[in-house]
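Student: Got a minute to walk through this one with me? I'd like to start with the sheets.

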Amino acid sequence: RVELEGRGCTEVCVKGVVVEQVLKVLGVSSGNVLECINFGPVYFGSSKTKHILLYNESPECMDWVAVLEDDAVGGELGTDLQKSADAVLQDLSLKNRTRDVDVSTLIMCTPNQGTLLPYEQSLVTLRFSPEKLEWVFGENYSPLKQDYVLFLRFEAVGSKNVYLQSLKDGDATGNTMNHHHTELALIGSGLPVLLTFNPGPVIKFMDCFFGEKTQVLCTLKNESESLPVTFRFQKTAHFNISPEKGKIEKKSAKDVIFSFSPHQIGTIKVKQIVDIIDTGLEENNLHISKMKSFHQKYLSFIGVCKSKRKNILFKINPGIAPMISNATGHFVAGGTGQYFDTAPVALLKSALTQIHTHRLNRNCKDDALIAFPNDRAASLRPSEWNKKYRTIFTKTERYNYIDPEFCYTDSERRSKEAHKEYYRLFISSLRQRRLQKEATRQFYIFNNSVNIGLKPAEGLMSPKLSITDFHKEKLQFKMLPLAENCLLTSKKLAAIGSKSSVKEIWSGFSSMPSSTQEKEDCSLTLTPKQLHQILIGPSTIDFGDVCVHSTTARKLYIINNLLVHIWIQIEIEIDELHQTGPLSQVVPPLTKTDIPIVFETDTLGIFKRSFNYTINNQHLGHVLVVAKAVSFELELSTRELILNPVPGYLAETEFRTTVRVYNRRNSPAEFTWKPIITDRETEFSIQPAKGFVEAYGDLECEVLWHPHFNSPEAGEFNLCVREGNTMKLKCFAKVTI
């Protein structure tokens with residue numbers, strides 16, 4: 001109702017539809033709501049992608065984050081669901097062995113966080129990449145099938161009411177979830193590559209000569225009943241494969257020809273690598289696909305190449321026969337048929353043989369080189385002036401012709417050596433000058449009060465990691481910042497939440513960032529994934545029934561699961577909440593605290609107002625405060641009271657009993673017992689006649705009746721509560737004659 005000056009009263013009707021934030025998962029082609037995605041069978045090491053639409057069916061922007069539930073009831077990790085119950089019961093330790101498996105490596109969600117505008121849809125890519133759990137089951141474990149059942153939860157970033165309620169119940173594990181979420185079941189199977197070679201894996205080729213080739217026919221069979229296989233042979237020297245790549249359908253075979261074409265003589269053993277390829281997506285860009293290898297098979301090729309024997313044909317020497325000749329000089333061996341553009345030269349270290357050495361040259365110690373006698377055409381050429389040549393047998397120094405037109409003179413040689421030495425010294429001086437400047441620069445960098453001229457960590461050896469340490473690090477989730485492309489899991493959130501639950505600090509916080517680290521942390525713009533790890537709530541604080549002119553408090557929990565400081569500022573402009581404080585706090589990393597919200601009102605009725613808070617002075621949130629302001633009220637244990645004689649006392653003395661007064665409200669209540677006056681004087685009395693009942697407490701009052709002649713056996717009292725209700729109590733004395 002609005003009172004307008006000069007126009008009287010009018011009414012303004014305000015209407016609104018209050019809805020919850022709804023997040024839906026839709027199919028890309030159908031547009032229907034999805035509850036499950038079946039990836040089907042996928043080879044170990046390979047991957048398969050599916051696309052979904054995330055739909056914000058609400059009129060406000062929504063920050064969302066994806067959480068993989070790796071501890072959900074009904075999840076399966078590496079189990080063969082086709083096994084019988086008896087076979088599964090024989091391996092009861094399977095769940096214990098897969099308990100520490102990081103399932104975030106199996107499912108990749110891109111993007112895994114973001115912001116949706118009102119009624120906006122966003123495309124999300126899911127990739128399933130099964131891996132053989134060798135370190136869980138053993139290296140020799142070769143399963144035929146591993147089934148996976150996982151649950152992916154898309155949550156709206158906001159208050160965690162269920163989680164914060166669990167803190168009151170003593171459960172701080174974080175195994176709770178937000179109401180504004182949608183869950184998607186993911187089903188898939190991992191299969192090994194069942195590609196066999198016949199013959200294989202060791203293939204021996206027939207011996208062949210240089211320049212020839214041999215072939216072996218090999219049959220490749222795909223034993224898988226679910227998936228085809230695409231292979232590709234890597235190139236290997238001396239061996240050719242036709243075809244080099246191909247695709248084999250399920251339960252089918254294909255013939256491949258291996259050819260051995262040696263390019264050298266001897267036994268050749270090589271390892272032939274067979275790549276199993278499939279269409280995969282880029283790690284950084286899931287919209288670009290390419291063929292890549294995800295598995296390898298190995299074959300051993302063994303081949304022997306022999307040399308051909310050559311028959312040497314003798315021919316008559318057409319030259320002039322000497323005066324004294326024999327059969328040796330008439331026939332000479334023909335060449336190998338190949339042309340050489342250089343004269344044959346064979347050098348021998350003459351100091352290593354003493355055959356036919358002349359006695360004058362017996363003590364020759366120099367390492368002279370000498371050609372065989374038939375290379376005289378090659379020895380008559382410009383030679384190095386400082387090298388000596390001797391004959392092969394007698395070690396006599398041999399004459400070498402030095403052509404003065406081509407060789408250096410002594411002065412030219414000395415000039416050339418001096419030139420080389422000059423430039424060698426020049427380059428060396430440049431290097432020394434550069435090293436000196438670098439050393440001076442390094443000294444000035446570390447010449448401070450902290451490093452005192454020493455380079456940090458210089459000379460320290462890196463620690464050596466063993467296999468045990470590697471597996472231990474792999475099994476334990478370390479408290480490190482989560483990468484942007486890393487998917488949140490329930491176990492990771494529980495581990496971080498338990499860490500912050502241990503570190504509870506209730507006082508001593510600064511109201512504003514003071515240190516350099518705090519200022520740097522509190523100026524960061526947080527992502528939806530980081531905001532999801534900050535718990536502030538509950539989002540609705542219900543005070544229940546609150547007495548007027550009284551104060552009551554409820555806790556607003558703040559849990560910082562990040563590794564950085566956060567700055568919480570509360571904006572309250574409500575008179576009923578003006579006693580709330582502190583309104584600004586810098587919460588350290590991995591810390592849990594709370595702020596008391598104090599409510600006080602002077603007006604009866606229902607109270608519903610909200611206040612806002614900001615994180616790092618950027619991210620806005622709100623909390624709704626609900627209360628019902630009521631007057632003071634007391635309750636009686638009974639409305640009618642019967643008094644009997646006290647055992648052991650005379651009936652003429654007194655009757656007594658008790659009545660209990662309850663205070664169900666949040667504030668102490670003042671009361672007074674007032675008897676109701678009638679024509680006859682009452683003989684009933686109540687002690688105490690007035691007083692206080694503490695909040696949520698009770699008080700026992702004693703009622704007495706003093707009998708005498710013609711005294712009334714009934715009486716009434718009013719329980720009057722100050723600024724509250726009034727209740728009537730009827731009392732009856734049971735007299736026995």
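Tutor: We'll take two sheets, then a surface patch, then two buried residues. Keep in mind that this is a predicted model.

Student: OK, the sheet with strand 37 in it. What is the strand order?

Tutor: The order is 37-44-43-39-41. That makes five strands in an open sheet, with mixed pairing.

Student: Which strands stand at the edges?

Tutor: Strand 37 (640-643) and strand 41 (690-693). Each has a single partner strand, so one side of each lacks a neighbour in the sheet. On average, neighbouring strands here are turned by 25° against each other, direction ignored.

Student: How does strand 39 run against strand 43?

Tutor: Antiparallel. Strand 39 covers residues 669-675, strand 43 covers 714-721, and five bridges join them. For a landmark, find Lys674: its bridge partner in strand 43 is Asn718.

Student: And how many bridges join strand 39 to strand 41?

Tutor: Four, and that pair is antiparallel too. Look for Phe671, which sits opposite Gly691 of strand 41.

Student: Staying on strand 41, which side chains are buried?

Tutor: Gly691 and Val693, which point to one face. Lys690 and Phe692 point to the other face and are not buried. As a rule, side chains in a regular strand alternate between the two faces of the sheet.

Student: Next sheet. What order do the strands take in the one with strand 29?

Tutor: The order is 29-35-34-31-32. This is an open sheet of five strands, again with mixed pairing. Its edge strands are strand 29 (540-547) and strand 32 (584-587), each pairing on one side only. From one strand to the next, the twist averages 25°.

Student: How many bridges between strand 34 and strand 35?

Tutor: There are 11, in the antiparallel sense. Strand 34 spans residues 605-615 and strand 35 spans 619-630. Ile606 is opposite Lys628 of strand 35, if you want a pair to click on.

Student: Switching to the surface. Which residues make the nonpolar patch?

Tutor: Tyr422, Tyr423, Phe426, Ile427 and Leu430. The patch comes to about 530 Å².

Student: Where does Tyr423 lie?

Tutor: In helix 7, residues 410-446. Tyr423 has 42% relative accessibility, so it counts as partly exposed.

Student: Now Asp521. Buried or exposed?

Tutor: Buried, because its relative accessibility is 5%, and the cut-off for buried is under 20%. Asp521 belongs to helix 10, residues 516-522.

Student: What does Asp521 touch, beyond its sequence neighbours?

Tutor: Val564, His565 and Asn616, leaving out residues up to four places away in sequence. Asp521 and His565 are 44 residues apart in sequence, yet their C-alpha atoms are 5.4 Å apart.

Student: Last one, Thr489. Where is its place?

Tutor: In strand 27, which runs over residues 488-489. Thr489 has a relative accessible area of 0%, so it is buried.

Student: Which residues does Thr489 touch?

Tutor: Val67, Leu68, Asp70, Val103 and Ser104, again not counting residues up to four places away in sequence. There's also Ala66 to check: it is 423 residues from Thr489 along the chain, with 8.6 Å between the two C-alpha atoms.

Student: Thanks, I'll go and look at those.

Methods
Residues numbered from 1 in each chain as written. Predicted model: local features only at pLDDT ≥ 70, side-chain atom pairs only at ≥ 80, totals over all residues. Heavy atoms only, no water. Pairing = 2+ DSSP bridges. Helix = DSSP H or I, 4+ residues; strand = E, 2+ residues; numbered from the N terminus. Axes fitted to C-alpha atoms, helices over the stretch in contact; angles between N-to-C directions. Buried < 20%, exposed > 50% of the residue type's maximum accessible area, 1.4 Å probe, protein only. Patch = residues over 30% accessible without salt bridge, like charges linked within 9 Å, V, L, I, M, F, W, Y side chains within 5 Å. Areas by Shrake-Rupley, 256 points an atom, 1.4 Å probe, with all protein chains shown as cover. Salt bridge = Lys/Arg side-chain N within 4 Å of Asp/Glu carboxyl O. Contact = heavy atoms within 4.5 Å.
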